[in-house]
Amino acid sequence: MQALKAETLPIQHYDLWKKYEDTQSVDIRNTLITLYSPLVRQIALRTTGSYQYVNFLDDLINEGIIALLDAIEKFDLSKNVKFETFASIKIKGAMIDFIRRQDCFPRRVKRMAKVLAEAESDLCNKLEHHPSQQELADHLNMTVNELGKLQLEVYSLNVYSFEQVVYESNAENTLAELFTSHSDSPEQRLANQELATTVANAIESLKENEKLVIALHYKEQLKIKDIANILNISDSRVSQIHSNALKKLKAVIEQYITN
């Protein structure tokens, strides 16, 4: 068996995993579920916090526990992959799939998101630069304040649309799972490296304010309001920057998937 890196799995957890691998004991599996169940709640809370119209926390936790069980059964101890990383992808994917099945975003919000996206696209082509809040508001015959409220309302739908691409794909594995694939084949390693480079280049190509918002939101896990306070801008401006960044990353990833 390939030795695990010390930082990949604490020694006490490694012993527990080794016993489960050797015995497939239901009692040990249940102990592992208890050990990692806080991870499920953490992801569920973060998910409901990202989506304005998602308020079924208990249901998301239930979906996450089922995904956690699946992750425990499929985890390969011999690979240098943190279980938390491997499980988080499956848990998040299960929650995104549950949200998709509920179709919880109102039609009005979907319609307004489409109107906003089309307006931004039209102005980008006409002005040859991304429109300012004032330019976009004028184009839509509304005030900047009304535009800000609209952007905040469709924000969670933009986040969901992006996460669908990452966590749901028509391939055997989701895009996110490629990063933690247990395959040792040269082809898989090359695919992982190519994907990582594609995503890294896409992030690097973002504007500085977009990269900063992405880093604060996903790396530091700050909420929109907290980011707005740090950058001394409005919540709606943060949501606009964040949505624009996600649209760019989504376009790059979709192109990667279809090529």
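# A pocket and some aromatic pairs

User: How do the residues of the lining of the largest pocket divide into nonpolar, polar and charged?

Analyst: Keep in mind that we're looking at a predicted model. In the lining of its largest pocket, seven residues are charged and 12 are polar. The nonpolar group completes the split, and its count is 26.

User: About how much space lies in the largest pocket, and which residues are the closest to its centre?

Analyst: The space in the largest pocket comes to about 1400 Å³. A set of 45 residues lines this pocket. The ones closest to the centre are Arg46, Glu163, Tyr167, His217 and Tyr218.

User: Which helix gives the most to the lining of the largest pocket?

Analyst: Several helices each give two or more residues to that lining, including helix 2 (26-50), helix 4 (83-102), helix 7 (144-167) and helix 12 (235-258). The top contribution is nine residues, and it comes from helix 7.

User: Is Glu163 buried or exposed?

Analyst: Glu163 is found in helix 7. Leaving aside neighbours within four places in sequence, Glu163 is in contact with Tyr51, Lys92, Ile96 and Glu168. Its relative accessibility is 8%, and the cut-off for burial is under 20%, so Glu163 counts as buried.

User: What kind of aromatic pair do Phe56 and Phe98 form?

Analyst: A search of the whole structure turns up 12 aromatic pairs. For Phe56 and Phe98, the ring centres are 5.3 Å apart and the planes sit at 85°. An angle over 60 degrees gets a particular label, so this pair is edge-to-face.

User: How many residues apart are Phe56 and Phe98, given that the pair links distant parts of the chain?

Analyst: Phe56 is in the loop between helix 2 and helix 3 (57-74), while Phe98 is in helix 4. Phe56 is buried, at 16% relative accessible area, and Phe98 is buried too, at 8%. Along the chain, the separation of the two is 42 residues.

User: And what kind of pair do Phe75 and Phe86 form?

Analyst: Here the centre-to-centre distance is 5.7 Å and the planes are 45° apart. That angle is neither under 30 degrees nor over 60, so the pair counts as tilted.

User: Which parts of the structure does the Phe75 and Phe86 pair tie together?

Analyst: The two rings are 11 residues apart in sequence. Phe75 is buried at 10% relative accessible area, and Phe86 counts as buried at 9%. The pair ties together the loop between helix 3 and helix 4, where Phe75 lies, and the home of Phe86, helix 4.

User: Which residues form one aromatic cluster that includes Phe75 and Phe86?

Analyst: Phe75 and Phe86 aren't alone in this cluster. Put together, the members are Trp17, Tyr20, Tyr36, Phe75, Phe83 and Phe86.

User: How far does helix 4 reach from its first C-alpha to its last?

Analyst: Helix 4 has 20 residues, and at 1.5 Å a residue the expected reach is 28 Å. Just after helix 4 comes Asp103, with a positive phi near 50°. The reach of helix 4 in the model is close to the expected figure, at 29 Å.

User: Is Asn232 buried or exposed?

Analyst: Asn232 isn't a glycine, yet its phi is positive, about 60°. Asn232 lies in the loop between helix 11 and helix 12. Its relative accessible area is 69%, which is over the 50% cut-off, so Asn232 is exposed.

How values were computed
Residues numbered from 1 in each chain as written. Predicted model: local features only at pLDDT ≥ 70, side-chain atom pairs only at ≥ 80, totals over all residues. Heavy atoms only, no water. 1 Å grid on protein atoms, 1.4 Å probe; cavity = no way out; pocket = protein on both sides within 12 Å on 5 of 7 lines; lining within 4 Å. Points joined across faces, edges and corners; volume = space filled by probe spheres on them. Helix = DSSP H or I, 4+ residues; strand = E, 2+ residues; numbered from the N terminus. Nonpolar A, V, L, I, M, F, W, Y, C, P; charged D, E, K, R; others polar. Phe/Tyr/Trp six-rings, centres within 6.5 Å; stacked < 30°, edge-to-face > 60°. Buried < 20%, exposed > 50% of the residue type's maximum accessible area, 1.4 Å probe, protein only. Contact = heavy atoms within 4.5 Å. Expected span 1.5 Å × (residues − 1).
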